[in-house]
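Biologist: Could you take me through the charged contacts in this one, slowly and residue by residue? Once that part is clear, I'd also like to hear about the rings and any enclosed space.

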There are 2 protein chains.
Amino acid sequence: MDKNSITDGQVALIAKMVMEAMQQKQDTGKGYEVPVGVSARHVHLTQEHVELLFGEGYHLTKKKELMGGQFASNEMVTIVGLKLRAIENVRILGPVRKASQVEISATDAIKLGVKAPIRESGNIEGSAPIALVGPKGALYLSKGCIVARRHIHMSPKDAMAAGLLDGDEVSVKADNERGTVFDHVQIRVHESFTLEMHIDTDEANAAKIATGDSVRILKG
Amino acid sequence: MDKNSITDGQVALIAKMVMEAMQQKQDTGKGYEVPVGVSARHVHLTQEHVELLFGEGYHLTKKKELMGGQFASNEMVTIVGLKLRAIENVRILGPVRKASQVEISATDAIKLGVKAPIRESGNIEGSAPIALVGPKGALYLSKGCIVARRHIHMSPKDAMAAGLLDGDEVSVKADNERGTVFDHVQIRVHESFTLEMHIDTDEANAAKIATGDSVRILKG
């Protein structure tokens with residue numbers, strides 16, 4: 001049978017059926033569900049910088065366990081941008097790292113007057129300068145102030161279930177009163193990771209979601 | 001010709017072609033473009049409340065013309081939530097209205113400790129209480145504090161071009177580094193309206209867009 005024997009009317013009918021089927025799939029297809037963790041502004045420090053801000057021999061003290069072996073410390077600093085505007089009492093997360101880093105929201109960046117780029121944690125080359133003030137000292141970082149890039153932490157098992165690989169980019173839907181889709185969400189896979197999407201306070205508030213809410217992964 | 005004369009292989013081929021065509025349409029289909037206007041926190045007041053806060057016989061003075069006959073006034077107030085936390089220097093928009101209203105971001109609501117609902121401007125029944133302090137007086141509003149609902153202002157001509165009606169709901173895409181789709185965006189059509197999507201500072205910062213940027217309307 002030759003394909004020219006299909007009439008235009010039949011093609012239109014089949015096309016309509018396919019479109020309806022695709023629409024239905026889109027409407028009812030529930031993507032992989034991911035709990036949300038909202039990251040408030042916070043600071044990571046090297047041990048050297050902990051001692052500079054809190055005194056020689058000082059070690060961060062644990063206030064609350066977080067995922068992946070991290071903890072919220074009892075210690076806080078005041079951060080100051082180049083225009084001398086400040087945000088007080090910014091929490092330090094432990095344990096200490098190889099490089100100090102300040103993670104703020106875009107709203108904070110405007111308040112502080114700093115041009116913080118959107119970056120993956122740890123990627124601080126060319127990021128914004130910022131000053132930190134602690135009870136025993138002050139520190140000027142010539143780089144290290146970033147707005148964290150949206151990402152999802154997954155164990156290898158979660159990644160397999162979701163059909164995703166480390167480094168993939170997906171879109172994620174928060175289906176609620178505000179209703180928001182976040183594009184360019186990076187997938188990070190590691191044995192130590194608990195399934196969670198990390199967003200900042202701007203993103204959480206714009207989408208009306210909070211820690212403990214869930215979102216769904218749309219196709220990447 | 002009977003439709004049963006189409007083979008399964010042909011159906012699959014046609015389906016594939018249709019899907020490719022739809023995919024292409026989705027990829028290249030540019031939705032109706034809308035400039036963005038970001039609304040910072042602001043206050044609308046009745047004339048009675050202007051006089052209560054700024055003195056008897058006082059009238060708001062114009063600092064800058066805004067769209068739709070509104071203006072940013074030179075006058076500002078400090079707003080205080082129930083937990084006595086304050087945000088200073090919140091701009092008043094004129095002209096005076098029939099009811100006083102305070103529009104804040106969800107980030108502000110958390111800072112102030114007020115439970116402000118997401119509402120269309122003017123719909124303040126059951127909204128949050130808030131206090132306002134001016135140079136000549138203070139005012140406690142038992143209702144009137146809201147987070148503004150996302151919306152797009154359109155003239156009837158714009159609405160016709162976009163194929164939309166007053167009250168429609170659409171999704172809107174900001175296609176940039178962060179990449180965000182805002183659902184449940186209300187269409188408001190009026191002769192006095194200039195084409196603009198109004199979002200708050202949380203939404204702007206979460207999506208990395210600013211006044212003057214443009215977004216595109218996806219299908220509703």
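Modeller: Here is a walk through the salt bridges, followed by the aromatic pairs and the cavity. Keep in mind that this is a predicted model, and that every value below is computed from it.

Over all chains the count comes to 22 salt bridges. Let me pick out a few of them, starting with one that joins two chains. The side chains of B:R178 and A:D200 meet at 3.0 Å, N to O. B:R178 sits in the chain B loop between β11 (169–174) and β12 (180–189), while A:D200 belongs to strand β13 (residues 196–200) of chain A, so this pair joins two chains. Are these two residues buried or exposed? Both B:R178 and A:D200 are buried, and the cut-off behind that word is a relative accessible area under 20%. This contact isn't on its own, either: B:R178 and A:D200 are linked with A:R150 and A:E203 in a network of salt bridges.

Now for a bridge inside chain A. A:K208 and A:E177 bring their side chains together at 2.8 Å, N to O. A:K208 is in the loop between α5 (201–207) and β14 (214–218) of chain A, and A:E177 is in the chain A loop between β11 (169–174) and β12 (180–189), so the bridge ties together parts that are 31 residues apart in sequence. As for solvent, A:K208 is partly exposed at 44% relative accessibility, and A:E177 is partly exposed with a relative accessible area of 44%.

Chain B has an example to go with that. The salt bridge between B:K143 and B:E125 comes out at 2.4 Å, N to O. B:K143 is part of strand β9 (residues 138–148) of chain B, and B:E125 lies in the chain B loop between β7 (118–119) and β8 (128–133), so here the pair ties together parts that are 18 residues apart in sequence. B:K143 counts as partly exposed, at 32% relative accessible area, whereas B:E125 is exposed, at 53%. The line for calling a residue exposed is over 50%.

On to the rings. The structure holds two aromatic pairs over all chains. In chain A, the ring centres of A:F54 and A:Y58 are 5.3 Å apart with their planes at 25°, so the pair is stacked; the cut-off for that label is planes under 30 degrees apart. A:F54 is buried, with 7% relative accessible area, while A:Y58 is partly exposed at 27%. In chain B, B:F54 and B:Y58 form a stacked pair too, at 5.3 Å centre to centre and 25° between the planes. There, B:F54 is buried at 7% relative accessibility and B:Y58 is partly exposed at 27%.

Last, the enclosed space. How many cavities of 30 Å³ or more are there? The count comes to one, and the largest cavity has a volume of about 60 Å³. Its lining is made up of B:S39, B:A40, B:R41, B:H42, B:E103, B:I104, B:A148 and B:D200. Sorted by type, those lining residues divide into three nonpolar, two polar and three charged.

Technical notes. Residues numbered from 1 in each chain as written. Chains lettered and ligands numbered in written order. Predicted model: local features only at pLDDT ≥ 70, side-chain atom pairs only at ≥ 80, totals over all residues. Heavy atoms only, no water. 1 Å grid on protein atoms, 1.4 Å probe; cavity = no way out; pocket = protein on both sides within 12 Å on 5 of 7 lines; lining within 4 Å. Points joined across faces, edges and corners; volume = space filled by probe spheres on them. Nonpolar A, V, L, I, M, F, W, Y, C, P; charged D, E, K, R; others polar. Phe/Tyr/Trp six-rings, centres within 6.5 Å; stacked < 30°, edge-to-face > 60°. Buried < 20%, exposed > 50% of the residue type's maximum accessible area, 1.4 Å probe, protein only. Salt bridge = Lys/Arg side-chain N within 4 Å of Asp/Glu carboxyl O. Helix = DSSP H or I, 4+ residues; strand = E, 2+ residues; numbered from the N terminus.
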